[in-house]
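Colleague: Got a minute to walk me through this model? I'd like to go over the sheet, the cysteines and the aromatics.

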Amino acid sequence: MDALKLNGLSIAEYLQIEVQTDTKYEFHDGSIYAMAGGTVEHGLICGNVFGELRAELRKNKKKCTVLNSEIKLHIESQNRFLYPDAMVVCGELEKSETEKNSIINPVVIIEVLSKSSASYDRGDKFYYYRQIPSLREYILIDQEKVLVELFKREGKLWHIKRIEGLSHLLEIENLGVQIPLSIVYEGVLAS
């Protein structure tokens, strides 16, 4: 995450900067950070996951909405606005009262890891996400090897499951969806 390192900004100032510059920034309690562009592999994985999730949810007639990284997530308790790679909201989309173009109630969040973001996605970002009452599953997808880490909330605890190999399935229990890793990594890695 590269910093534009402006400190002490209000949320209104942050939102105005995004509109004026037509650039996505994460907002962290008064500081903003420009969102870096992704790799081709990152884009392919995001597209594969988004498409498959949407198709499976429709097929199963689930009243859930899949959102891509164009949609902002507001974590009010942490004074943060973030752009996850993908989110799923089941039921009504709840928008932030502070910023109508951001949501507050994902049940699943997915991040595709890069070398520069992996420690942030596993560390501070996961801490922020854990503060979201609706969140049930957090999924990290490695873009350099076939490896998915699935964090699932059970009560106050989070359990982790590691999935490796193209012959395995990513099971998102709260959605009742199974996605073959061969589809997640389609076009990305040689099998």
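Modeller: Sure. One term before we start: angles run from 0 to 180 degrees between N-to-C directions, with axes taken as lines fitted to C-alpha atoms. Also keep in mind that this is a predicted model.

Colleague: OK, so what does helix α2 lie across, and at what angle does it run to β4?

Modeller: Helix α2 covers residues 40–59 and lies across β4, β7, β9 and β10. Its direction is at about 170° to β4.

Colleague: And the sheet itself, what's the strand order?

Modeller: It's an open sheet of 6 strands, in the order β4-β7-β9-β10-β11-β12, and the pairing is mixed. From one strand to the next, the twist averages 15°.

Colleague: Which strands stand at the edges?

Modeller: β4 and β12, the latter being residues 157–164. Each has a single partner strand, so one side of each has no neighbour in the sheet.

Colleague: Let's look at β9. How many of its residues are buried?

Modeller: 6 of its 6 residues, so to speak a strand that is mostly covered. Both faces are covered: Val108, Ile110 and Val112 are buried on one side, and Ile109, Glu111 and Leu113 on the other.

Colleague: How does β9 pair with β7 and with β10, parallel or antiparallel?

Modeller: β7 and β9 run antiparallel, joined by 3 bridges, and Val88 stands opposite Val108 there. With β10, β9 pairs in the parallel sense over 6 bridges. One partnership to look at is Val112, whose bridge partner in β10 is Ile141.

Colleague: And how many bridges go on from β10 to β11?

Modeller: 5 bridges, and the two strands, residues 137–142 and residues 147–154, run antiparallel. Ile139 has Leu150 as its bridge partner in β11.

Colleague: Switching to cysteines. How many disulfides are there?

Modeller: The count comes to 1 disulfide. Cys64 is joined to Cys90, S to S 2.1 Å. The torsion about that S-S bond is about 100°, so the disulfide is right-handed.

Colleague: Which parts does the pair tie together?

Modeller: Cys64 lies in strand β4 (residues 64–68) and Cys90 in strand β7 (residues 86–90), so the link connects parts that are 26 residues apart in sequence.

Colleague: Are those two cysteines buried or exposed?

Modeller: Cys64 is buried, with a relative accessible area of 17%. Cys90 is partly exposed at 28%, since buried means under 20%.

Colleague: What about Cys46, why no bond for that one?

Modeller: Because the closest cysteine sulfur, in Cys90, is 19 Å from the sulfur of Cys46, which is too far for a bond. Cys46 counts as buried, at 18% relative accessibility.

Colleague: Now the aromatics. How many aromatic pairs does the structure hold?

Modeller: 9 aromatic pairs. Take Tyr14 and Phe27: their ring centres are 4.9 Å apart and their planes are at 35°, so that pair is tilted. Tyr14 lies in helix α1 (residues 11–21) and Phe27 in strand β2 (residues 25–28), so the pair ties together parts that are 13 residues apart in sequence. Tyr14 and Phe27 are both buried.

Colleague: Which residues form the aromatic cluster?

Modeller: Phe126, Tyr129, Tyr138, Phe151 and Trp158 form one cluster. Arg130 lies over the face of Phe126, 4.7 Å from the ring centre.

Colleague: And which ring does Lys24 lie over?

Modeller: Tyr83, with Lys24 over its face at 5.1 Å from the ring centre.

Colleague: Last thing, lysines. Where's Lys59, and is it buried or exposed?

Modeller: Lys59 is in helix α2 and is exposed, with a relative accessible area of 57%. Its C-alpha atom is separated from that of Glu76 by 33 Å, though they are 17 residues apart along the chain.

Colleague: And Lys145, where is that found?

Modeller: Lys145 is in the loop between β10 and β11, and is partly exposed, at 46% relative accessible area. Leaving aside neighbours within four places in sequence, Lys145 is in contact with Tyr185 and Leu189.

Colleague: How far apart are Lys145 and Glu76 in space?

Modeller: 34 Å, C-alpha to C-alpha, for Lys145 and Glu76, which are 69 residues apart in sequence.

Methods. Residues numbered from 1 in each chain as written. Predicted model: local features only at pLDDT ≥ 70, side-chain atom pairs only at ≥ 80, totals over all residues. Heavy atoms only, no water. Disulfide = S-S within 2.5 Å. Helix = DSSP H or I, 4+ residues; strand = E, 2+ residues; numbered from the N terminus. Buried < 20%, exposed > 50% of the residue type's maximum accessible area, 1.4 Å probe, protein only. Pairing = 2+ DSSP bridges. Contact = heavy atoms within 4.5 Å. Phe/Tyr/Trp six-rings, centres within 6.5 Å; stacked < 30°, edge-to-face > 60°. Lys NZ or Arg CZ within 6 Å of the ring centre and 35° of its normal.
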